[in-house]
Amino acid sequence: MERNKKERRREPRHLCSHLLEVIAASGRQEAVLEDLSPEGAAVALMVEKAIEAATVVELSAPDFHARAEVRYCLPRDGGFRLGLRFMEGFRWQPGVWQPEHLWLPPESDTPTSPPD
């Protein structure tokens with residue numbers, strides 16, 4: 001991806017790591033959730049064939065289910081990284097469900113000092 005592309009996200013994305021299933025017409029596949037925002041997510045998926053943009057998939061993990069549209073599918077490490085936009089009517093809310101490993105930045109823009 002080009003680094004000089006204008007950022008189009010309206011919401012910040014949060015780095016995370018969580019195993020989940022991606023369910024598509026081609027079947028179910030275990031994937032790693034890598035980042036998450038209220039409007040979408042990115043997952044790493046070890047499949048042989050790319051999943052076309054505009055394909056609707058389902059994400060499933062305990063206490064988390066969402067339908068999303070594939071925005072991009074890029075080759076990576078023998079598999080693919082999918083950029084997903086949640087379908088209308090769904091927004092991820094950190095207070096409702098959080099991945100196993102999630103980095104939520106402080107709400108304030110003021111830098112904090114490390115403890116002594």
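1. Aromatic cluster. In this predicted model, ring pairs connect Phe 64, Phe 86, Phe 90 and Trp 97 into a cluster. The structure holds three aromatic pairs. One of them is formed by Phe 64 and Trp 97, which are stacked, with 4.3 Å between centres and 25° between the planes. This pair links distant parts of the chain: Phe 64 lies in strand β5, while Trp 97 lies in the loop between β6 (79–86) and β7 (101–102), 33 residues apart. Phe 64 and Trp 97 are both buried.

2. A second pair in the cluster. Phe 86 and Phe 90 meet edge-to-face, at 4.9 Å centre to centre and with 75° between the planes. How buried or exposed are Phe 86 and Phe 90? Phe 86 has a relative accessible area of 6%, so it is buried. Phe 90 reaches 26% relative accessibility and therefore counts as partly exposed.

3. Glu 69. This residue sits in strand β5, which covers residues 64–76. Glu 69 counts as buried because its relative accessibility is 17%, and the cut-off for buried is under 20%. Leaving aside residues up to four places away in sequence, Glu 69 touches Ala 54, Thr 55, Val 56, Gly 83, Leu 84, Arg 85 and Met 87. A reader checking the side chain of Glu 69 in the structure can start from these neighbours.

4. Overall make-up. The protein chain has seven strands and zero helices. In sequence order the pattern is β-β-β-β-β-β-β. Of the 116 residues in the chain, 37% are buried. The accessible surface comes to about 8,500 Å², and carbon and sulfur atoms account for 49% of that surface.

5. Contacts along the sequence. Taking contacts between residues at least 6 apart in sequence, 50% join residues at least 24 apart.

6. Strands β1 and β2. Strand β1 (residues 14–24) and strand β2 (residues 27–37) run antiparallel and are joined by nine bridges. Val 22 has Gln 29 in β2 as its bridge partner. The connection from β1 to β2 is a hairpin through two residues.

7. Strands β2 and β3. Strand β3 (residues 40–45) runs antiparallel to β2, with six bridges between them. Here Val 32 is matched with Ala 44 in β3 as its bridge partner. A hairpin through two residues leads from β2 to β3. In a regular strand, side chains alternate between the two faces of the sheet.

Technical notes
Residues are numbered from 1 along each chain as its sequence is written. This is a predicted model: local features need pLDDT of at least 70, side-chain atom pairs count only at pLDDT 80 or more; totals for chains, interfaces and linings use all residues. Side-chain values use heavy atoms; hydrogens and water are left out. Helices (H or I, at least four residues) and strands (E, at least two) are DSSP runs, numbered from the N terminus. Buried means under 20% relative accessible area, exposed over 50%, partly exposed in between (1.4 Å probe, protein chains only). Contact means heavy atoms within 4.5 Å. Accessible areas come from the Shrake-Rupley method with a 1.4 Å probe; for residues, only the protein chains shown count as cover. Two strands pair if DSSP finds at least two bridges between them. Rings of Phe, Tyr and Trp (its six-membered ring) pair if their centres lie within 6.5 Å; planes under 30 degrees apart count as stacked, over 60 as edge-to-face and the rest as tilted.
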